[in-house]
Amino acid sequence: MRRALIGAAVLLVAAVSTAAMVRAEAATPTLNALAAAKGKYFGSATDNGELSDTAYTAILGGGEFGQTTPGNSMKWDATEPNRNSFSYTRGDAIVTFAQQHNMKVRGHTLVWHSQLPGWVGSLPTTEVQAAMENHITQVATHYRGKVFAWDVVNEPFNDDGTFRTSPFYNAMGSAYIADALRTARAADPDAKLYINDYNTDGLGAKSDAMFNLVKSLQSQGVPIDGVGFQGHLAIQYGFPSQMQQNLQRFADLGLDVAITELDVRMVLPRDATKDATQATYYNNVVKACAAVTRCVGITIWDYTDKYSWVPNTFSGQGAALPWDENLQKKPTAYNAIVTGLGGVVDSPSPSVSPSASRSASASASPSASPSASRSASASASASSSPPPAGGCTATYKIVNQWDTGFQGEVNVTAPAGRTSWTVTWSFANGQTITQLWGGTYTQSGASVTVKNETWNGTPPATFGFLANWSGTNAIPTARCS
Ligand code: XIL
């Protein structure tokens, strides 16, 4: 009997130490654990087709992610394909998976111009408001208690900050936004209500428009709890201007902010240099959120290139996510997220180049980061920094670019003592400025002249602008005098 007891004790010790070893191995914190230590979540979007891929779901539900967003299955075309006929099967499947794996769910999305069934667009304008309110009421009621937040309105703005036309805007003007938020609040008083958009990640005309909209909604007493920043970034267009400051100004309005659809695409094929730049972008986004108390979490727009929307949407681009198409972690991007969340990467992988980690840790002001200017100038042949002329220097870069427009930014530096500056350049490809802030400008043909405002004559100063382009968008040589 005594021997049996000792034997049992030895077995017990062996079992305990094995468990301890397993625990120690599993103790490398997951992305969500690192985020949770800062009071935030780290999540991944998912979609129904992917839930039958067991290798995929093992990672999705394996602890890295504490939150998920259905990539498609709560959108209007999925939930109300025919008028007043609702279908929740696919959305429910994702909620069930999330509940089984301790993941919170962001509802996405109630009112959006895209993925709308045809019947909405065919409604007479007099019926659109009732249809929208009914849709919101039904869907938000169904998911009450199952989602912690809703993207009530998705992508309300054009890139220049004007309101986007949609059946809702056409019927109600911008008042559809307030109406949608009020309707969502009535249906689900507990969910955090968000407006979500892209190209609002940094300071600029579009994020100014969002900022002004939110302030106006607040002044009218409209329920709004958060703003979502999609974070669909591309290394060839540069990093958003001053992302942390941008998130902070929304947080300062008393709102939650969230990075809702993060991915960082590149022109294929992948290579080590692009991976390193991509890693700095991931690191900068994560650090920007980490630095803002009211940034509640980060969602990547699926975690693997196997199921990314990018190649289907942006021809020739991809490799946007931290796991590759074989579900293998990319050490560069993954480690950049870990360090951005305050984690420690044990043995730096050789593929995290010293330059990547240097620029990743360089500054929370991404517009100043060498990687951003490097990647922006890499997309064009000309160098943007001529030798200093007249005692000041202008550095021109493209911070964002889409099919017909782009956003530029020019940084002006000078030795102490200057109180005014003039920057000039000549566009080579017919580009036309449509809006400029942080300076006063004239454009005559290709020639652009920008002078300081009264309040920023002493460098360092920055001005930004929106412009049209087509064909080629070469970076001009900007001169300062
Ligand atoms: C994308 C999905 O990922 C794709 O599967 C679908 O074909 C198109 O929509 N902004 C959004 C998301 O708010 O809903 C979009 O998702 C990506 C851009």
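This passage describes the surroundings of the ligand and the disulfides in a predicted model.

The ligand is surrounded by 13 residues, of which Asn72, Lys75, His108, Asn154 and Glu261 come nearest. When this shell is sorted by class, 7 of its residues are polar, 3 are charged and 3 are nonpolar. Contacts between polar atoms were examined next. In the side chain of Lys75, an N or O atom is placed 2.7 Å from an oxygen atom of the ligand. Trp301 also faces an oxygen atom of the ligand, with a polar side-chain atom at 2.9 Å. For Gln230, the partner is a nitrogen atom of the ligand, which lies 3.3 Å from a polar atom of the side chain. The ligand would expose 410 Å² if taken alone, and 76% of that area is buried by the protein.

Apart from the ligand site, the cysteines of the model were considered. A disulfide is a covalent bond between the sulfur atoms of two cysteines. The structure contains 2 disulfides. When the bonded cysteines of the protein chain are numbered in sequence order, they pair as 1-2 and 3-4.

One of the disulfides links Cys289 with Cys295, and the distance from S to S is 2.1 Å. The rotation about the S-S bond is -100 degrees, and the link between Cys289 and Cys295 is left-handed. Burial is assigned to residues with under 20% relative accessible area. Cys289 has a relative accessibility of 1% and therefore counts as buried. Cys295 likewise counts as buried, because its relative accessibility is 1%.

A disulfide is also formed by Cys392 and Cys480, with an S to S distance of 2.0 Å. The torsion about the S-S bond of this pair is about -100 degrees, so the disulfide of Cys392 and Cys480 is left-handed. Cys392 is located in the loop between α16 (370-378) and β11 (393-401), while Cys480 belongs to strand β18 (residues 479-480); the pair therefore ties together parts that are 88 residues apart in sequence. Both Cys392 and Cys480 are buried.

Methods:
Residues are numbered from 1 along each chain as its sequence is written. This is a predicted model: local features need pLDDT of at least 70, side-chain atom pairs count only at pLDDT 80 or more; totals for chains, interfaces and linings use all residues. Side-chain values use heavy atoms; hydrogens and water are left out. A residue is near a molecule or strand if one of its heavy atoms lies within 4 Å of it. A polar contact is a pair of N or O atoms within 3.5 Å; within protein, one must be able to donate a hydrogen and the other to accept it, and residues adjacent in sequence count only if both atoms are side-chain atoms. Accessible areas come from the Shrake-Rupley method with a 1.4 Å probe; for residues, only the protein chains shown count as cover. Ala, Val, Leu, Ile, Met, Phe, Trp, Tyr, Cys and Pro count as nonpolar, Asp, Glu, Lys and Arg as charged, and the others, Gly among them, as polar. A disulfide is a pair of cysteine sulfur atoms within 2.5 Å. Buried means under 20% relative accessible area, exposed over 50%, partly exposed in between (1.4 Å probe, protein chains only). Helices (H or I, at least four residues) and strands (E, at least two) are DSSP runs, numbered from the N terminus.
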